[in-house]
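Welcome, and thanks for taking a look at this one. Please open the structure below and keep it in view while you read.

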Amino acid sequence: MGGLISEILALPAAPVRGVWWVLDKVVRAAEDEYYDPTPVQEELVRLEEGRTEGRIDEEEFARREEELMHRLEEIRAYDLRRGGQRGL
């Protein structure tokens with residue numbers, strides 16, 4: 001009987017719990033996208049191609065490569081905090 005009463009009393013909070021559930025899913029999806037290493041790795045490949053083809057000089061290449069490597073380090077640190085789920 002106690003479980004039924006608890007469920008009845010909790011009903012008014014159900015919409016709030018639903019909103020929090022949705023927000024949690026949105027935040028997780030945004031984090032997954034932000035911390036996805038694939039676009040950064042693809043940008044590194046394009047950067048190297050640009051240097052090889054002469055479209056990017058060495059100074060620009062070095063600056064941009066450093067930015068991208070820092071971004072990959074940030075992604076790896078995040079992944080380690082989450083338990084290394086991606087296996088980077």
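Here is a short tour, from the overall fold to individual side chains. The model is predicted, and the protein has four helices and zero strands. Its mean pLDDT is 88, with 88% of the residues reaching 70 or more.

**Overall layout and confidence**

- Reading from the N terminus, the elements follow the order α-α-α-α.
- Confidence is not even along the chain: the lowest mean, 69, belongs to helix H1 (residues 2-10), while H3 has the highest, 97.
- A word of caution is useful here: where pLDDT is low, the predicted coordinates should not be read in detail.
- Of the 88 residues in the protein, 15% are buried.
- The accessible surface of the protein amounts to about 6900 Å², and carbon and sulfur atoms account for 59% of that area.
- If you take the contacts between residues at least 6 apart in sequence, 52% of them join residues at least 24 apart.
- One pair to look up in your viewer is aspartate 32 and aspartate 79, which sit 47 residues apart along the chain but have C-alpha atoms 9.9 Å from each other.
- Aspartate 32 belongs to helix H2, and its relative accessible area of 37% makes this residue partly exposed.

**The nonpolar core**

- Which residues make up the largest nonpolar core? There are nine: Tyr35, Val40, Leu44, Leu47, Phe61, Leu68, Leu72, Ile75 and Tyr78.
- Helices H3 and H4 each contribute at least two residues to this core, and H4 gives the largest share, with five residues.
- As background, nonpolar side chains tend to be buried together in soluble globular proteins.
- Phenylalanine 61, one of the core residues, has contacts with Leu47, Glu48, Arg51 and Ile56 once its neighbours within four places in sequence are set aside.

**A buried arginine**

- Is arginine 71 buried or exposed? Arginine 71 counts as buried because its relative accessible area is 17%, under the 20% cut-off.
- Arginine 71 is a residue of helix H4.
- Not counting residues up to four places away in sequence, arginine 71 touches Tyr34, Tyr35 and Val40.
- Two of those names, Tyr35 and Val40, also appear in the largest nonpolar core.

**Salt bridges**

- How many salt bridges does the model have? The count comes to 10, and three of them are described below.
- The general idea will be familiar: side chains of opposite charge can pair when their charged atoms come close.
- In helix H2 (residues 14-34), arginine 28 and aspartate 24 are four residues apart, so about one helical turn separates them. Their side chains form a salt bridge with an N to O distance of 3.0 Å.
- Both partners of that pair are partly exposed, with relative accessibility of 49% for arginine 28 and 31% for aspartate 24.
- In helix H3 (residues 37-52), arginine 46 and glutamate 43 are three residues apart, so the separation is again about one helical turn. The closest N and O atoms of this salt bridge are 2.8 Å apart.
- Arginine 46 has a relative accessible area of 43% and is partly exposed; glutamate 43 is partly exposed too, at 22%.
- In helix H4 (residues 58-81), glutamate 60 and arginine 63 are three residues apart, about one turn of the helix. They form a salt bridge whose closest N and O atoms lie 2.7 Å apart.
- Glutamate 60 is partly exposed at 34% relative accessibility, and arginine 63 is partly exposed at 40%.
- This pair is part of a wider arrangement, as salt bridges with shared partners join Glu60, Arg63, Arg64 and Glu67 into one network.

**A nonpolar patch on the surface**

- Which residues form a nonpolar patch on the surface? They are Val16, Val19, Trp20 and Leu23, and together they have about 410 Å² of accessible area.
- Valine 19, one of the patch residues, is placed in helix H2.
- With a relative accessible area of 49%, valine 19 is partly exposed.

Terms used. Residues numbered from 1 in each chain as written. Predicted model: local features only at pLDDT ≥ 70, side-chain atom pairs only at ≥ 80, totals over all residues. Heavy atoms only, no water. Salt bridge = Lys/Arg side-chain N within 4 Å of Asp/Glu carboxyl O. Buried < 20%, exposed > 50% of the residue type's maximum accessible area, 1.4 Å probe, protein only. pLDDT = per-residue confidence, 0-100. Contact = heavy atoms within 4.5 Å. Areas by Shrake-Rupley, 256 points an atom, 1.4 Å probe, with all protein chains shown as cover. Patch = residues over 30% accessible without salt bridge, like charges linked within 9 Å, V, L, I, M, F, W, Y side chains within 5 Å. Core = buried A, V, L, I, M, F, W, Y, C linked by side-chain atoms within 4.5 Å.
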